[in-house]
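Please open the structure in the viewer and keep the selection panel at hand. The tour proceeds by selections, each followed by a description of what is found there.

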Amino acid sequence: MRIGQGVDVHAFDPRADRPLCLGGITIAGAPPLAGHSDGDVALHALTDALLGAAGLGDLGGFVGVDDPAVSGAASRGFLVDAAAAVARQGWRVANGDLTIVAQRPRLAAHLPAMRTAIADALGLPESAVNVKATSTDRLGFLGRGEGIAALAVVLLSPAGEGAPSA
């Protein structure tokens, strides 16, 4: 068994010409996050956790921070590619837990869709993925609504062990 953690933070960028992408879904009416790709801070943290657990570095090294080929790319692809790299190392994702820290937008209604999107991207039952949100009670830059942070942890098991039950 191996465990990995990931953390990512992005500021809001209302000038960006794209919707807010978070946890693999689009959230209408919210300002987008800054980023070279689609800025999905949640999937970035989760991808970092996967790569870290397998000893494969981090997202920047995996896809290239300023690579023009990933400009505006959907972060779901990064997550899928990282899961495939983890599998090539002989591991499978047992479960993942993701916490999104944001004062805005309100996320509770979107969490089930994020869970579904992430489970689908990883080929896992939804019971193996948890997504939750919290705020900082208006403290700090996150509390002032200047951006969103995400923290993720994943557990990897040797690929030969049984799959998680639904």
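Begin with the largest pocket of this predicted model, which holds about 250 Å³ of space. Select His10, His44, Leu59, Gly60 and Val65; of the 15 residues that line the largest pocket, these are the closest to its centre. Next, colour strand 1 (2-11), helix 1 (41-53) and helix 2 (59-63), the elements that give two or more residues to this lining. Which of the elements gives the most to the lining of the largest pocket? Helix 2 does, with three residues. If the lining of the largest pocket is coloured by class, five nonpolar, seven polar and three charged residues appear.

Proceed to the second largest pocket, whose volume is about 170 Å³. For its lining, select Ala102, Gln103, Pro105, Arg106, Leu107, Ala108, Ala109, Leu111, Ala133, Thr134 and Ser135. By class, this lining comprises seven nonpolar residues, three polar residues and one charged residue.

The next selections concern salt bridges, of which the structure holds four. Three of the pairs are visited here in turn.

Select Arg76 and Asp120 first. Their side chains meet in a salt bridge, with a distance of 2.7 Å from N to O. Arg76 belongs to helix 3 (residues 75-88) and Asp120 to helix 4 (residues 111-122), so this pair ties together parts that are 44 residues apart in sequence. With the surface displayed, Arg76 counts as partly exposed because its relative accessibility is 37%. Asp120, at 53% relative accessibility, counts as exposed, since the cut-off for that class is over 50%.

Now select Lys132 and Asp97, whose side chains also form a salt bridge (2.7 Å, N to O). Lys132 is found in strand 5 (residues 129-134) and Asp97 in strand 4 (residues 91-101); the pair links distant parts of the chain, 35 residues apart. Are these two residues buried or exposed? Lys132 is partly exposed, at 30% relative accessibility, and Asp97 is likewise partly exposed, with a relative accessible area of 24%.

For the third pair, select Arg15 and Asp13. The closest N and O atoms of this salt bridge are 3.4 Å apart. Arg15 counts as exposed, at 74% relative accessibility, whereas Asp13 is buried, with a relative accessible area of 17%. Asp13 is placed in the buried class because the limit for that class is under 20%.

Turn next to the surface and select Val7, Val9, Phe141 and Leu151. Together these residues form a nonpolar patch with about 320 Å² of accessible area. Within this selection, centre the view on Phe141, which lies in helix 5 (residues 140-143). Phe141 counts as partly exposed because its relative accessibility is 38%.

For the last stop, return to helix 3 and select Ala84, which lies in that helix. Ala84 counts as partly exposed, with 32% relative accessibility. Add His10 to the selection and draw a distance between the two C-alpha atoms. How far apart are the C-alpha atoms of Ala84 and His10? They are separated by 26 Å, and the two residues are 74 residues apart along the chain. His10 also brings the view back to the starting point of the tour, as one of the residues closest to the centre of the largest pocket.

Definitions and conventions
Residues numbered from 1 in each chain as written. Predicted model: local features only at pLDDT ≥ 70, side-chain atom pairs only at ≥ 80, totals over all residues. Heavy atoms only, no water. Patch = residues over 30% accessible without salt bridge, like charges linked within 9 Å, V, L, I, M, F, W, Y side chains within 5 Å. Areas by Shrake-Rupley, 256 points an atom, 1.4 Å probe, with all protein chains shown as cover. Helix = DSSP H or I, 4+ residues; strand = E, 2+ residues; numbered from the N terminus. Buried < 20%, exposed > 50% of the residue type's maximum accessible area, 1.4 Å probe, protein only. 1 Å grid on protein atoms, 1.4 Å probe; cavity = no way out; pocket = protein on both sides within 12 Å on 5 of 7 lines; lining within 4 Å. Points joined across faces, edges and corners; volume = space filled by probe spheres on them. Nonpolar A, V, L, I, M, F, W, Y, C, P; charged D, E, K, R; others polar.
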